[in-house]
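Please open the model in your viewer and keep the selection tool at hand. The tour below proceeds by selection, one region at a time.

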Amino acid sequence: MATSSSFAQIWSGVQVEYDEGKLTADAPHSPPTPIVRRPSKPKTYPQQVGYKWQIVWRNVIGFVVLHSITITGFYMILFGLVQIKTILFMCLVGMCSGLGITVGAHRLWAHRCYNARLPMRVLLAIFQTLAFQNHIYEWVRDHRVHHKFTDTDADPHNSARGFFFSHMGWLMVRKHPDVSGKGCVVDMKDLEADPVVMWQKKYYLWLVPLVTFLIPSYIPYWLWQERFWYSFVVVGVTRYMISLHFTWLVNSAAHIWGTKPYDKSITPTENPTVALLAFGEGWHNYHHAFPWDYKAAELGNYRLNLSTAFIDACARLGLAYNLKTANADLVEKRSRRTGDGTKRHHHEHHNHHHVDGGVWGWGDEDMAEDDKQVVQVID
């Protein structure tokens, strides 16, 4: 697997590079490997013959440093060393960065759940850069691989290897060869045609220090004379690490603990706590069953789904359009057929044929035709 010594990989570890010249034997000319469904309960991950975990020590050291600074940031907050305005500003910046991931990288670019006009795409690209979880192109490629090959060797954060690995351990070791192999065959033409995505990708290493750390840290210093060092620790690093852990919970906790009302054969679960912390991304069993639904949940309210509220607000302003959501009839049928029985059903339905899993979102060639026919599109 190709490796990178870039600033992004050293500090966040989220970058996965794929060597386009070294494809695996089953890509791209042979049919895709069938999806392997593992038991929903995590189990000890067996080492593949010939594959040995290699610790990426620079990432380990980076996480130790960042978490140490974060502890200092909590100390400053708890003991009143920073102004209230700085703490509120930290929350605002954290919310913006979170929306850059959930509304932007995830629901817009990774799953194509809706369309966004240029001003909204630019804003979301800025927010996503603020989150510092690698540039949009890499984030989306990793996430589409995750959906196509959930909890297999090709999944970057395979939850079958346990909570710690799927939470952050996967960033501390070299990627499994299958991750790069399958990443080479994921369709990315839609992102390559988006000038916003490609511009951010080109200048990402220049944008990250400015957008993620320096500008947010200078604003409290300029506007209300907060000490720059305090602002950097709290608004820059502490906010960043909190956002990372909230995002990581989707990969770990929401694949281990919770109910499976839509598909009991897959590991993702419905986890309200993760939904709260990750702006609506914790309704994960629904999301993996219907990855093209812009709500990423069946819920009709915004209490635990801030991301949906943001998209709906943008739609009212004319910035978002073609919002795709699952027909209630489709959801009910799927739940009755494959759910664990925790969802309340109101009436009977006929059988419905559906491809279980292995779909990254709208536009995936493996998406069932009958699903496309019952999707509701909100202009």
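Select residues 203-223. In this predicted model, the span is 95% helix and 0% strand, and its end C-alpha atoms lie 28 Å apart. UniProt, in an unreviewed entry, places the feature "transmembrane region" at residues 60-81, 87-110, 203-223 and 229-250.

Next, display the side chains of Phe213 and Phe232. A search of the whole structure finds 20 aromatic pairs. Phenylalanine 213 and phenylalanine 232 form one of these, a tilted pair with 6.2 Å from centre to centre and 50° between the planes. Which helices does this pair link? Phenylalanine 213 belongs to helix H10 (residues 204-224) and phenylalanine 232 to helix H11 (residues 228-251); the two are 19 residues apart, and the pair links distant parts of the chain. Are the two residues buried or partly exposed? Phenylalanine 213 counts as buried because its relative accessibility is 10%, under the 20% limit for that class. Phenylalanine 232 has a relative accessible area of 21% and is therefore partly exposed.

Now remain on helix H10 and select Tyr218 and Tyr221. Their ring centres are 5.8 Å apart and their planes stand at 70°, so this pair is edge-to-face; the angle required for that class is over 60 degrees. Because tyrosine 218 and tyrosine 221 are 3 residues apart in helix H10, about one helical turn separates them. Tyrosine 218 is partly exposed, at 30% relative accessibility, and tyrosine 221 is partly exposed as well, at 39%.

Extend the selection to Phe132, Phe213, Tyr218, Tyr221, Trp222, Phe228, Trp229, Phe232 and Tyr240, which form one aromatic cluster.

Then move to residues 60-81. This span is 86% helix and 0% strand, with its end C-alpha atoms 29 Å apart. Show the surface of Phe74, Tyr75, Leu78, Phe79 and Leu81: together these residues make a nonpolar surface patch of about 560 Å². Within the patch, tyrosine 75 is found in helix H2 (residues 57-78) and counts as partly exposed, at 46% relative accessibility.

Finally, select the whole protein chain. The chain contains 16 helices and 4 strands, and 56% of its 379 residues count as buried. Its exposed area is about 17100 Å², of which carbon and sulfur atoms supply 63%. Among contacts between residues at least 6 apart in sequence, 71% join residues at least 24 apart.

Methods
Residues numbered from 1 in each chain as written. Predicted model: local features only at pLDDT ≥ 70, side-chain atom pairs only at ≥ 80, totals over all residues. Heavy atoms only, no water. UniProt positions renumbered as here; feature names shortened; annotations may be inferred. Patch = residues over 30% accessible without salt bridge, like charges linked within 9 Å, V, L, I, M, F, W, Y side chains within 5 Å. Areas by Shrake-Rupley, 256 points an atom, 1.4 Å probe, with all protein chains shown as cover. Salt bridge = Lys/Arg side-chain N within 4 Å of Asp/Glu carboxyl O. Buried < 20%, exposed > 50% of the residue type's maximum accessible area, 1.4 Å probe, protein only. Contact = heavy atoms within 4.5 Å. Phe/Tyr/Trp six-rings, centres within 6.5 Å; stacked < 30°, edge-to-face > 60°.
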